[in-house]
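Colleague: Could you take me through one part of this model slowly, as you would for someone in the first year? I would like a close look at the salt bridges and what lies around them.

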Amino acid sequence: MRKNARRTILACSVAAATAGFAVLGTAPAQAALPTPVSASTARSYLASLSVTAEHSRTGYSRDLFPHWITISGACNTRETVLKRDGSGVVTDSSCAATKGSWYSPYDGATWSAASDVDIDHLVPLAEAWDSGAWNWTTSKRQALANDLTRPQLLAVTDNVNQSKGDQDPGTWWPSRTAYKCTYARAWVQVKHYYGLSVDSAEKNSLSSVLNGC
C-alpha cells in the first residue's frame with residue numbers, strides 16, 4: 001500500500017474517532033448511581049429477604065432519618081450527589097450548584113437547573129420505616145438516608161420523585177422500561193444490605209422484573 005493511501009486512511013480514521021467523541025460529549029449526562037448487583041445476585045438476595053406485612057406508619061418522621069449531612073467541606077449529601085450525577089456542574093463557595101446538566105433516568109428528561117432535580121432515596125425513608133427501620137438506631141437511619149456507597153441516592157426529575165413518594169415496586173416503577181432492571185437490582189441490594197423486609201406484592205413485582213433481566 002502506498003504511503004499516501006496509508007495517510008489518507010489514517011486521517012479518515014482519526015476524523016471518524018474525533019467525530020465519535022464529539023457526539024458522545026454532547027450526550028446527556030447519565031446519573032452515576034453506584035452499579036447495583038447483577039440480576040442473578042439480586043434474585044438470590046430477594047429470595048433471602050423476610051416477607052412480612054408492612055409495619056404501622058405511626059411514629060414515623062423524616063426527622064428520624066437525619067439526611068443531607070456534611071460529606072466534605074461545605075458540601076452535604078444532596079450537593080455531593082448533584083455533582084456526582086451531573087455534567088459540567090459548577091458550584092459556589094457554599095457548594096450549591098449554580099450551573100450544570102442533569103439527566104433523570106426514571107423519565108429520560110434532562111434539566112439545566114438544580115432546582116428541577118430531587119435526590120431520590122431509591123428505597124424511600126418511610127418505606128424503610130415500614131420494612132424494619134422503625135426499630136433502628138438513629139445512626140443506622142442516618143446511614144441509609146445518606147448512603148453514597150450503595151445504589152440508594154439518585155438525581156431525578158423533582159415531580160417524578162414527588163409522584164413516587166413512599167411507594168415500593170408493588171405500586172411504582174420508573175416510566176422508562178429500560179431502567180426497570182437497574183431499579184429492581186438496586187432496590188433489592190439496598191434492602192438486603194440493611195436487612196429490610198418486603199411485602200408480598202413488592203416481592204412479586206420485583207421477581208417479575210428480575211426474571212426478565
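Modeller: Let's start with E127 and K191, whose side chains meet in a salt bridge with 2.9 Å from N to O. This pair ties together distant parts of the chain: E127 sits in helix α4, K191 belongs to helix α7 (residues 180-194), and their positions lie 64 residues apart in the count along the chain. Both partners are hidden from the surface, since E127 is buried and K191 is buried too. Please keep in mind that this is a predicted model.

Why would two such side chains meet at all? In general, side chains of opposite charge can pair when their charged atoms come close.

Stay with helix α4 for a moment, because D130 lies in that helix, which covers residues 125-130. D130 forms a salt bridge with R57, and here the closest N and O atoms are 2.5 Å apart. R57 is found in the loop between α2 (39-48) and β1 (70-72), so this pair also links distant parts of the chain, 73 residues apart. The two partners differ in how they meet the outside: R57 is partly exposed, at a relative accessible area of 34%, whereas D130 is buried, at 4%. The label for D130 follows because buried means under 20% relative accessible area. There is a further partner to add, as salt bridges that share partners join R57, D130 and D166 into one network.

Now move to K164 and D120, another pair whose side chains meet in a salt bridge, at 2.9 Å from N to O. K164 is in helix α6 (residues 158-164) and D120 is in strand β6 (residues 117-121), so a helix and a strand are linked across 44 residues of the chain. K164 is buried, with a relative accessible area of 0%, and D120 is buried as well, at 1%. Altogether, a search of the whole structure finds seven salt bridges, and the pairs described here are among them.

D120 leads us to the next feature, the largest pocket. D120 is one of the residues that lie nearest the centre of this pocket, together with R62, H121, N161 and G165. The lining is made up of 14 residues, and the volume of the pocket is about 190 Å³. How is such a space found? Rolling a probe the size of a water molecule over the atoms shows where empty space is left.

Which elements build the lining? β6, α4 and α6 each supply at least two residues, and β6 gives the largest share, with four residues. You have met these elements already: α4 holds E127, while α6 and β6 hold K164 and D120. Sorted by class, the lining has five nonpolar, four polar and five charged residues.

It helps to set this part against the whole chain. The secondary structure comes to eight helices and seven strands, and 41% of the 213 residues count as buried. The links between distant parts fit a wider picture: among contacts between residues at least 6 apart in sequence, 73% join residues at least 24 apart. The accessible surface of the chain is about 10,600 Å², and 53% of that belongs to carbon and sulfur atoms.

A few places elsewhere let you practise the same reading. S104 belongs to strand β4 (residues 97-104) and counts as buried at 1% relative accessibility. Leaving aside neighbours within four places in sequence, S104 is in contact with A109, A155, V156 and T157. G73, by contrast, lies in the loop between β1 and β2 (75-76) and counts as exposed, at 69% relative accessibility. The C-alpha atoms of G73 and C95 are separated by 8.6 Å, with the two residues 22 apart along the chain.

C95 itself is worth a look at the backbone. Most residues other than glycine have a negative phi. C95 is not a glycine, yet its phi is positive, at about 75°. C95 is found in the loop between β3 (86-91) and β4 and counts as buried, at 4% relative accessibility. W68 is another residue other than glycine with a positive phi, near 60°. W68 has its place in the loop between α2 and β1, the loop that also holds R57, and W68 counts as partly exposed at 25% relative accessibility.

Key:
Residues are numbered from 1 along each chain as its sequence is written. This is a predicted model: local features need pLDDT of at least 70, side-chain atom pairs count only at pLDDT 80 or more; totals for chains, interfaces and linings use all residues. Side-chain values use heavy atoms; hydrogens and water are left out. A salt bridge is a side-chain nitrogen of Lys or Arg within 4 Å of a carboxyl oxygen of Asp or Glu. Buried means under 20% relative accessible area, exposed over 50%, partly exposed in between (1.4 Å probe, protein chains only). On a 1 Å grid over the protein atoms alone, a cavity is a set of points where a 1.4 Å probe fits but cannot get out, and a pocket is an open set with protein on both sides within 12 Å along at least five of seven lines; lining residues have an atom within 4 Å of a point. Grid points are joined across faces, edges and corners, and a volume is the space filled by probe spheres set on the points. Ala, Val, Leu, Ile, Met, Phe, Trp, Tyr, Cys and Pro count as nonpolar, Asp, Glu, Lys and Arg as charged, and the others, Gly among them, as polar. Contact means heavy atoms within 4.5 Å. Accessible areas come from the Shrake-Rupley method with a 1.4 Å probe; for residues, only the protein chains shown count as cover.
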